[in-house]
Structures are given as C-alpha cells and as structure tokens.
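Here is a short note to help you find your way around. Please keep the sequence and the 3D view open as you read.

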Amino acid sequence: MAKTLLALIIWLCLAFPTVAAQGKTAGKKPIRPVWSELTPAQQKILAPLSSEWDRMDATRRKKWVAIAGRYPKMKPKEQQRLQKNMAEWAKLTPAQRKAARNKYQTMKKLPPDKRREVAAQWKRYQQSLAAHPELSPSDPPAPPEPQTAEAPAEAPPVAGTASAGSPPAAQ
C-alpha cells in the first residue's frame with residue numbers, strides 16, 4: 001500500500017508539470033492580427049513593419065492597423081512622412097525604441113510652455129542642420145535634452161584654462 005501511494009505521488013509530480021506545460025503551449029493563441037490576416041492594402045501601407053510584425057504585441061498591432069485605416073484619408077505629404085517614420089522606426093534597435101518611447105513620455109509630461117520651448121529648440125536645431133550641409137545628416141549631434149528642473153549651475157572651468165577672477169595657470 002505504501003509503495004502504491006509513493007508511486008502515485010511520484011507519478012503525479014512527474015505528470016502534472018508535463019500536463020501544465022502542454023496546456024500552456026496548446027492554449028497559447030497567436031497574437032492577432034497575424035500578417036497574413038491583413039488586407040493587401042494594409043500590408044502595403046505597413047510594409048516597413050513587416051519584419052517586426054511577429055514580435056509586436058497585440059496593442060501595437062492594433063495601433064498600426066488603426067493608422068493604416070486612416071492612411072487613405074491622409075494628405076500625400078502626411079503619407080510620405082508616415083512611411084518614412086515607419087521605415088526609420090523599423091531600423092531602430094529595441095533599446096533605441098525604448099529610449100524614444102521614454103523621451104516621448106517625458107515630453108508629454110512637460111508643461112505646455114516648456115514643450116513649446118523644446119519644440120522651438122528642435123526647430124532651430126533642424127534649421128542649423130539645413131544651414132550647414134557639411135554636417136553629416138546620417139549622424140547629426142543630438143538635440144538638447146529638455147530640462148525639467150532649474151538650469152544647472154555654470155560648469156566648472158576645464159583644467160588648463162583661466163576663468164574670470166582666477167589666477168592664470170602656471171606655465
């Protein structure tokens with residue numbers, strides 16, 4: 001009797017994890033819509049994201065399908081901008097995407113006047129790139145970070161340079 005009970009306990013311990021694992025894989029549904037379920041028009045619009053589609057969660061897929069639904073109503077310039085942005089987004093690494101989402105959330109939390117100030121800085125930055133074609137458009141310097149607190153104090157002088165009120169460096 002004890003041997004039978006022990007055998008039953010061992011069998012249950014071995015069987016249930018196997019059954020549980022089968023239930024998880026068998027019950028796991030694919031995230032919808034899968035790429036093949038999109039209409040040909042949606043596939044054409046979302047083509048820059050096709051290689052990423054299988055790795056997207058359901059929320060992001062639904063967001064992009066909604067954007068594809070609005071696409072025909074967009075002006076041609078808006079459509080071009082969307083296609084360009086999707087292509088650039090698809091090229092980003094997961095870490096870069098996360099950083100972009102975080103920066104967006106930070107910007108969203110700024111007060112309206114601060115957002116306008118950052119937008120003006122960005123516009124000046126873009127204009128400076130256009131004014132200086134010698135700057136590499138493929139690797140421009142990063143735009144200034146939005147400051148959420150008071151401006152930092154003046155940076156300390158660099159070693160070997162003199163600042164106002166300090167004695168000149170010995171030579």
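The points below cover confidence, one helix and the core beside it.

1. This is a predicted model, in which local features need pLDDT of at least 70, side-chain atom pairs count only at pLDDT 80 or more, and totals for chains, interfaces and linings use all residues. Residues are numbered from 1 along each chain as its sequence is written, and side-chain values use heavy atoms, without hydrogens and water.

2. A word on confidence: pLDDT is the predictor's confidence in each residue, from 0 to 100. Its mean for the protein is 76, with 62% of residues at 70 or more. Among the elements (helices are DSSP runs of H or I, at least four residues, numbered from the N terminus), H1 (residues 2-27) has the lowest mean, 56, and H2 the highest, 94. Please read residues 151-171 with care: pLDDT stays under 50 there.

3. Now to helix H3, residues 58-70. Arg 61, Trp 64, Ile 67 and Ala 68 are its buried residues (buried is under 20% relative accessible area, exposed over 50%, with a 1.4 Å probe and protein chains only). Seen down the axis, these buried residues fall within an arc of 120 degrees, so they line one face of H3 (the arc is that of the directions from the helix axis to the C-beta atoms). Thr 59 and Lys 62, on the other side, are exposed.

4. What do the buried residues of H3 pack against? They pack against helix H2 (40-45) and helix H4 (76-91), where contact means heavy atoms within 4.5 Å.

Conventions
Helices (H or I, at least four residues) and strands (E, at least two) are DSSP runs, numbered from the N terminus. The expected span of a helix is 1.5 Å times one less than its number of residues.
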